[in-house]
Every structure is written in C-alpha cells, then in structure tokens.
Amino acid sequence: MAIVDVVVIPLNEKSVSVSEYIADIQNILKAKKEKGLIDYQLTPMSTLIEGDLSVLLEVIGEIHEAPFNKGVKRVCTNIRIDDRRDITRKMSDKLDSVNKHLK
C-alpha cells in the first residue's frame with residue numbers, strides 16, 4: 001500500500017483563491033473512496049491519499065484534470081510517494097509511530 005502527498009495548483013488568472021478547485025478534488029476523492037480508494041485526508045497544504053499505487057496514480061490523473069474541466073488553462077501538480085512493500089502501513093500508523101515517542 002502506498003501513501004501519496006499530492007498538491008494540485010490551478011493557475012487561474014481570475015483569482016488567487018484555489019479553494020473551489022480543492023473542494024472539487026475532495027468530492028472526486030470522496031466518490032473514489034466509495035469505489036475502493038482506501039483513504040484520503042485534506043491538510044492545510046496538500047491532500048494525502050492511500051491505497052494501491054496503480055489506483056492512486058489513476059486518481060492523481062483525474063484530480064489533475066479537474067481544474068482543466070472548469071476552464072483553467074494551466075495546472076501544476078506535485079506528488080510525493082511513500083511506497084513501502086515490506087509491511088502494510090496506513091497514514092494513521094505513521095502518526096501513531098511518531099506519537100509513541102512524544103512525551
């Protein structure tokens with residue numbers, strides 16, 4: 001199972017705000033979760049998604065296209081992939097691992 005940190009940046013000449021596009025992406029992820037995406041989490045700076053890497057790459061393609069579908073002419077998407085294959089770890093497992101060391 002992989003965990004991907006993805007940032008979709010629509011470069012829209014109409015406004016510097018991107019919340020409308022991020023909301024669209026969250027709706028896409030919600031629909032994908034109902035069809036097998038393991039989990040996703042919106043953060044203030046990015047969105048985390050977890051699942052099978054091949055599925056995640058398809059999802060990334062779809063969310064990259066979403067702003068184009070609303071008329072944006074340029075989109076930059078940054079991804080960071082954590083694909084650990086010796087054990088199955090979820091996003092929450094990684095947080096738990098760090099939290100056990102906090103005092």
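Which side chains meet Lys33 or Asp39 in a salt bridge? I began with this pair and found that the side chains of Lys33 and Asp39 meet each other, N to O, at 3.2 Å. I then looked up the exposure of both partners. Lys33 is partly exposed, its relative accessible area being 39%. Asp39 is also recorded as partly exposed, at 26% relative accessibility. I note at the outset that the model is a predicted one.

**Entry: overall architecture**

I next took stock of the fold. The protein holds three helices and four strands. Their order along the sequence is β-α-β-β-α-β-α. For the dimensions, I took the C-alpha trace along its principal axes, where the span is about 45 × 30 × 20 Å. I found an accessible surface of about 6,900 Å², and 53% of this belongs to carbon and sulfur atoms. The chain has 103 residues, of which 28% count as buried.

I also looked at how contacts are distributed along the sequence. Among contacts with a separation of 6 or more, 69% are between residues 24 or more positions apart.

**Entry: the annotated region**

I consulted the UniProt record, an unreviewed entry, which places the feature "domain: Thiamine-binding protein" at residues 4-98. Over residues 4-98 I read 42% helix and 28% strand. The C-alpha atoms at the two ends of this stretch lie 18 Å apart.

**Entry: the nonpolar core**

I then turned to the interior. In general, nonpolar side chains of soluble globular proteins tend to be buried together. The largest nonpolar core here has 18 residues. The members that touch the most others are Val4, Val8, Leu29, Ile49, Leu56, Val59 and Ile63. I traced the elements behind this core: strand 1 (2-11), helix 1 (19-33) and helix 2 (53-69) each supply at least two of its residues. Helix 2 gives the largest share, with six residues.

Which residues does Ile49 contact, once its neighbours within four places in sequence are left aside? I listed Ala2, Ile3, Val4, Leu29, Asp39, Tyr40, Leu56, Val59 and Ile60. Val4, Leu29, Leu56 and Val59 appear in this list, and these four are also among the core members that touch the most others. Asp39 is in the list as well, and I had already met Asp39 as the salt-bridge partner of Lys33.

**Entry: a buried glutamine**

I looked up Gln26, which is placed in helix 1. Is Gln26 buried or exposed? At a relative accessible area of 14%, Gln26 is buried, because buried means under 20%. Its side chain makes a polar contact of 3.0 Å with the side chain of Thr47. Not counting residues up to four places away in sequence, Gln26 touches Tyr40, Leu42 and Thr47. Tyr40 is thus listed for Gln26 and also for Ile49.

**Entry: further salt bridges**

I counted eight salt bridges in the structure. One of them joins the side chains of Lys70 and Asp24, at 3.1 Å from N to O. Lys70 sits in the loop between helix 2 and strand 4 (74-83) and Asp24 in helix 1, so this bridge ties together parts 46 residues apart in sequence. Both ends are partly exposed: Lys70 has a relative accessible area of 38%, and Asp24 has one of 23%.

I then examined Lys94 and Asp82, which form a salt bridge whose closest N and O atoms are 2.3 Å apart. This pair links distant parts of the chain, with Lys94 in helix 3 (residues 91-99) and Asp82 in strand 4, twelve residues apart. Lys94 is partly exposed at 36% relative accessibility, and Asp82 is partly exposed with a relative accessible area of 31%.

Which residues are joined into one network by salt bridges that share partners? I found Glu20, Asp24 and Lys70 in that network.

**Entry: an exposed loop lysine**

My last query concerned Lys14, found in the loop between strand 1 and helix 1. Lys14 has a relative accessible area of 71% and is exposed. I also checked the separation of Lys14 from Val72. These residues are 58 apart along the chain, and 9.4 Å separates their C-alpha atoms.

Terms used:
Residues are numbered from 1 along each chain as its sequence is written. This is a predicted model: local features need pLDDT of at least 70, side-chain atom pairs count only at pLDDT 80 or more; totals for chains, interfaces and linings use all residues. Side-chain values use heavy atoms; hydrogens and water are left out. A nonpolar core is a set of buried Ala, Val, Leu, Ile, Met, Phe, Trp, Tyr and Cys residues joined through side-chain atoms within 4.5 Å. Buried means under 20% relative accessible area, exposed over 50%, partly exposed in between (1.4 Å probe, protein chains only). Contact means heavy atoms within 4.5 Å. A salt bridge is a side-chain nitrogen of Lys or Arg within 4 Å of a carboxyl oxygen of Asp or Glu. UniProt positions are given in the numbering used here, feature names are shortened, and annotations may be inferred rather than shown by experiment. A polar contact is a pair of N or O atoms within 3.5 Å; within protein, one must be able to donate a hydrogen and the other to accept it, and residues adjacent in sequence count only if both atoms are side-chain atoms. Accessible areas come from the Shrake-Rupley method with a 1.4 Å probe; for residues, only the protein chains shown count as cover.
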